[in-house]
Amino acid sequence: LMKRAERPAVDAMIAASRAPEAAKAGSVAPAAPSDSDEPLRAEPLEPTITIDDFAKVDLRVARVIAAEEVPEAKKLLKLTLSLGGEHRRTVFAGIKGAYRPADLVGQLVICVANLQPRQMKFGLSEGMIVAAGDTTGVFLLRPDDGARPGQRVH
């Protein structure tokens, strides 16, 4: 019921399966991205700091466990962050125009966990989330899958 595979047919299948690999090996590598320096010109680098200065900033992975609009504020969302276990921080973040509160709940973010609390008109802010942004938008910096609330960013 089965037909025996002949050696020339097997060799032809092997050669055909190698052809795409050989074509890939000889292909040209994709061009490196050409990033504009416009963001650096718009907001130049701050003065150099020491490693000791940097070590003072305690960046931690946090999970957004609650997010809500601040009705009286144009740009602020009120976030409740979990640093793991019962460790919570309330943070007011100027991301209202870029993110809907419901989309943030459950997401991992990076927060400045040892920032001195600041009394604001809307409540006490106990940290800051890390984001990039300019006139084109606001972009939260998020850890890769596998990161856990409370882990320190080194």
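This report describes the overall form, the sheet and the largest pocket of one protein chain.

The structure is a predicted model, in which local features need pLDDT of at least 70 and side-chain atom pairs count only at pLDDT 80 or more, while totals for chains, interfaces and linings use all residues. Residues are numbered from 1 along each chain as its sequence is written, and side-chain values use heavy atoms, with hydrogens and water left out.

**Overall form**

The protein chain contains 4 helices and 9 strands. Helices (H or I, at least four residues) and strands (E, at least two) are DSSP runs, numbered from the N terminus. Read from that end, the order of elements is α-α-α-β-β-β-α-β-β-β-β-β-β.

The radius of gyration of the protein chain is 25 Å, whereas a compact globule of 154 residues would have one near 15 Å. This radius is taken over C-alpha atoms, and the globule rule is 2.2 Å times the number of residues to the power 0.38. Along the principal axes, the C-alpha trace spans about 80 × 45 × 35 Å.

Of the 154 residues, 25% count as buried. Buried means under 20% relative accessible area, exposed over 50%, and partly exposed in between (1.4 Å probe, protein chains only).

**The sheet and strand β4**

Strands of a sheet pair through backbone hydrogen bonds, either parallel or antiparallel. Here 5 strands form an open sheet in the order β3-β2-β1-β4-β7, with antiparallel pairing. Because β3 and β7 stand at the edges with a single partner strand each, one side of each is left without a neighbour in the sheet. Two strands are taken to pair if DSSP finds at least two bridges between them.

Strand β4 (residues 108–112) is joined to β1 (residues 59–69) by 5 bridges, and 2 bridges join β4 to β7. The table lists some facing residues.

| Residue in β4 | Residue opposite |
|---|---|
| V109 | A62 |
| C111 | R60 |
| V112 | M128 in β7 |

In a regular strand the side chains alternate between the two faces of the sheet. In β4, L108, I110 and V112 point one way and V109 and C111 the other way, and all are buried.

**V57, before β1**

V57 lies in the loop between α3 (51–55) and β1. Its relative accessibility is 34%, so V57 counts as partly exposed. Leaving aside neighbours within four places in sequence, V57 is in contact (heavy atoms within 4.5 Å) with V112, N114 and R152. The C-alpha atoms of V57 and A113 are separated by 8.0 Å, although these residues are 56 residues apart along the chain.

**The largest pocket**

A pocket is an open set of points on a 1 Å grid over the protein atoms alone, where a 1.4 Å probe fits, with protein on both sides within 12 Å along at least five of seven lines; lining residues have an atom within 4 Å of a point. The largest pocket has a volume (the space filled by probe spheres set on the points) of about 330 Å³. Its lining consists of 18 residues, and F92, A93, G94, M128 and I129 lie nearest its centre. The elements giving two or more residues to this lining are β3 (88–93), β5 (118–120), β7 (128–129) and β8 (131–134).
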